[in-house]
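These exercises concern charged side-chain pairs and cysteine pairs. Work through each task before reading its solution.

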Amino acid sequence: MSLKPDTPGGTLVIQPLPGIGDTIWHLPHLQAIAGTSRDRRITLLTKERSLARELLAAANHVREVLYIAPDGKTHSGPLGGWRLGADLRPYQFGQVWILHGSVRYALAAWRAGIAKRIGFGIGWQDALLTSPHGLSRRDRSLSAIAKANRLLQMHDVLLAGAGPALPLPGDALQTAKFALATLPEPRIALAIGSSEAFKQWGEANFGALIQTLHEGLGHAVVLVGGPAEAEMAMRLAKRFQEPPWLACLIHRPILEAAAAVSLCQACIGNDTGMLQIAAAVDTPSLGLFGGSVPLHEDPRITPLSPPGLVRHGKDRMDEISVEMVLSALGDLGRR
């Protein structure tokens with residue numbers, strides 16, 4: 001975190017949830033809050049794992065992204081909020097929106113000398129806020145997104161758009177177009193990454209799906225994922241003799257991968273950040289939820305799960321068959 005901001009002042013938004021998907025889901029809130037600021041921009045404080053600095057590189061309403069101490073120690077512990085506030089003080093923010101219920105971030109905002117402090121205000125956090133509008137204890141069980149929605153509504157701040165929209169820089173789009181220039185259409189992106197093993201559909205299932213997508217339906221396939229999926233992607237490519245209709249875009253810069261998915265007709269993937277990114281670049285998406293609770297917040301994501309109740313952490317991914325995926329993909333195409 002730089003202690004010499006180029007342009008002090010303005011609005012700070014604290015959203016410390018660490019996932020890429022968390023950043024995507026909060027895009028409408030960030031844009032709406034920016035609209036209340038004098039320069040119509042915000043500074044975002046979040047966790048480094050969110051990749052928010054890369055994700056929001058083309059977002060004109062984001063002035064800067066600050067990361068809570070990457071070492072995981074400086075801003076943790078009983079005095080972590082106090083130290084964070086000291087690090088924020090040189091920025092001279094005029095107001096802060098805290099999209100989290102922790103007292104730590106309210107303490108940091110008070111220590112930083114931020115005059116206008118708005119947050120969920122559930123429990124002890126409320127004592128350190130200046131806004132008279134906060135969530136009630138009845139709202140404690142709401143999801144993070146529902147709490148953020150509620151907070152903005154209470155302050156008469158209208159959410160931007162119908163869902164998250166991720167702006168893509170021109171250079172990322174050009175790079176993606178070049179990478180897929182020889183790949184025929186229609187193209188299906190497969191988001192093969194997963195942050196936990198119980199969310200992973202697996203190499204065998206993806207391999208069988210790829211075979212049917214190409215041989216049965218004539219689709220080209222684009223594999224996207226992180227470095228952890230490099231070996232899986234390599235084995236899948238070799239299985240089909242590295243054909244010209246299969247592109248492996250593994251461990252690419254996040255916006256380059258997002259741009260590639262935006263050039264596909266659909267995305268099928270595990271419950272991971274790339275699935276939310278696909279929807280945020282307006283690619284109809286099919287999410288495989290066999291180890292986590294299905295998402296229903298974004299109409300551009302169609303959740304697919306095995307029959308019955310799905311619990312977070314209980315691996316039922318193998319109960320999602322290739323036939324189920326193909327049937328859901330057909331329904332997706334008829335929308």
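**Exercise 1. Count the disulfides, and state why Cys264 is not in one.**

Step 1. Taking a disulfide as a pair of cysteine sulfur atoms within 2.5 Å, the count is zero.

Step 2. For Cys264, the closest cysteine sulfur is that of Cys267, at 7.6 Å, which is too far for a bond. Cys267 is likewise in no disulfide, its nearest cysteine sulfur being that of Cys264.

Step 3. Assign burial by relative accessible area: buried is under 20%, exposed is over 50%, and partly exposed is in between (1.4 Å probe, protein chains only). Cys264 is buried, at 6% relative accessibility, and Cys267 is buried too, at 0%.

Two notes on the basis of these values: the model is predicted, with local features needing pLDDT of at least 70 and side-chain atom pairs counting only at pLDDT 80 or more, while totals for chains, interfaces and linings use all residues. Residues are numbered from 1 along each chain as its sequence is written, and side-chain values use heavy atoms, leaving out hydrogens and water.

**Exercise 2. State how many salt bridges the structure holds, then describe the one between Lys199 and Asp271.**

Step 1. A salt bridge is a side-chain nitrogen of Lys or Arg within 4 Å of a carboxyl oxygen of Asp or Glu. The structure holds eleven.

Step 2. Lys199 and Asp271 form one of them, with an N to O distance of 3.7 Å.

Step 3. Locate both ends, where helices (H or I, at least four residues) and strands (E, at least two) are DSSP runs numbered from the N terminus. Lys199 is in the loop between strand 6 (187-191) and helix 8 (203-216), and Asp271 is in the loop between strand 9 (266-270) and helix 11 (273-280), so the salt bridge ties together parts that are 72 residues apart in sequence.

Step 4. Check the burial of each end. Lys199 has a relative accessible area of 10% and is buried; Asp271, at 12%, is buried as well.

**Exercise 3. Which residues are linked with Asp39 in a network of salt bridges?**

Step 1. The network links Asp39 with Arg41 and Arg63.

Step 2. Within it, the side chains of Arg41 and Asp39 meet at 3.8 Å, N to O.

Step 3. Arg41 is partly exposed at 31% relative accessibility, and Asp39 is partly exposed at 31%.

**Exercise 4. Give the N and O distance for the salt bridge of Asp298 with Arg300, and classify Asp298 by burial.**

Step 1. The closest N and O atoms of Asp298 and Arg300 are 2.8 Å apart.

Step 2. Asp298 has 4% relative accessibility and counts as buried.
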